[in-house]
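Work through the charged side chains of the chain shown below. Each exercise comes with a stepwise solution.

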Amino acid sequence: MIKRILTFPFLLLIRFYQVAISPYTPASCRYSPTCSHYAIEALEIHGLFKGSWLAIKRISKCHPWGGNGYDPVPDKKPKNKK
């Protein structure tokens with residue numbers, strides 16, 4: 001519940017970008033899923049801090065000299081229980 005409350009404002013910002021800004025800019029994301037979809041998925045799976053870090057790393061790779069292709073969000077690793 002807390003994770004959803006913390007990530008909600010960031011998800012709204014990304015959705016706003018997808019609806020209000022992205023349609024008016026040329027498609028330039030070199031990865032699949034797109035960087036904005038990746039960021040949403042990372043926030044939903046990993047929460048605010050790790051999800052934000054993953055999204056920032058992905059966006060920083062999205063340039064003409066970076067990689068391209070399929071780059072999914074990594075799965076959440078289970079915590080070791082003793």
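The exercises cover salt bridges, burial and a charged surface patch in this predicted model.

**Exercise 1.** Find how many salt bridges the structure holds, and name the partners.

*Solution.*
Step 1. Apply the cut-off: a side-chain nitrogen of Lys or Arg within 4 Å of a carboxyl oxygen of Asp or Glu.
Step 2. Two salt bridges result.
Step 3. One joins the side chains of Asp-71 and Arg-58, with N to O at 3.7 Å. Asp-71 lies in the segment after β2 (69-70) and Arg-58 in helix α2, so this bridge ties together parts that are 13 residues apart in sequence.
Step 4. Asp-71 also meets Lys-61, at 3.4 Å from N to O. This pair again links distant parts of the chain: Asp-71 in the segment after β2 and Lys-61 in helix α2, ten residues apart.
Step 5. Put the pairs together: Arg-58, Lys-61 and Asp-71 form a network of salt bridges.

**Exercise 2.** Classify Arg-58, Asp-71 and Lys-61 as buried, partly exposed or exposed.

*Solution.*
Step 1. Set the limits: buried is under 20% relative accessible area, exposed is over 50%, and partly exposed is in between.
Step 2. Arg-58 has 1% relative accessibility, so Arg-58 is buried.
Step 3. Asp-71 has a relative accessible area of 17%, so Asp-71 is buried too.
Step 4. Lys-61 reaches 39%, so Lys-61 counts as partly exposed.
Step 5. Compare by bridge. Asp-71 and Arg-58 are both buried. In the other bridge, Asp-71 is buried, whereas Lys-61 is partly exposed.

**Exercise 3.** List the residues that Arg-58 touches, leaving out those up to four places away in sequence.

*Solution.*
Step 1. Locate the residue: Arg-58 is in helix α2.
Step 2. Collect heavy atoms within 4.5 Å.
Step 3. The contacts are Cys-29, Tyr-31, Ser-32, Pro-33, Thr-34, Cys-35, Tyr-38 and Asp-71.
Step 4. Cross-check with the bridges: Asp-71 is the salt-bridge partner of Arg-58.

**Exercise 4.** Which residues form the positive surface patch, and which elements give two or more residues to it?

*Solution.*
Step 1. The patch takes in Lys-3, Arg-4, Lys-50, Lys-57, Lys-76, Lys-77 and Lys-79.
Step 2. Sort by element: α1 (2-21) and α2 (35-61) each give two or more residues.
Step 3. Take one member, Lys-50, which sits in helix α2. Patch residues need over 30% relative accessible area and no salt bridge. Lys-50 has 46% relative accessibility, so Lys-50 counts as partly exposed.

How values were computed: Residues are numbered from 1 along each chain as its sequence is written. This is a predicted model: local features need pLDDT of at least 70, side-chain atom pairs count only at pLDDT 80 or more; totals for chains, interfaces and linings use all residues. Side-chain values use heavy atoms; hydrogens and water are left out. Patches are made of residues with over 30% relative accessible area and no salt bridge: like charges are joined within 9 Å, nonpolar side chains (Val, Leu, Ile, Met, Phe, Trp, Tyr) within 5 Å. Accessible areas come from the Shrake-Rupley method with a 1.4 Å probe; for residues, only the protein chains shown count as cover. Lys and Arg count as positive and Asp and Glu as negative; His and the chain ends are not counted. The place of a charge is taken as NZ of Lys, CZ of Arg, CG of Asp or CD of Glu. Helices (H or I, at least four residues) and strands (E, at least two) are DSSP runs, numbered from the N terminus. Buried means under 20% relative accessible area, exposed over 50%, partly exposed in between (1.4 Å probe, protein chains only).
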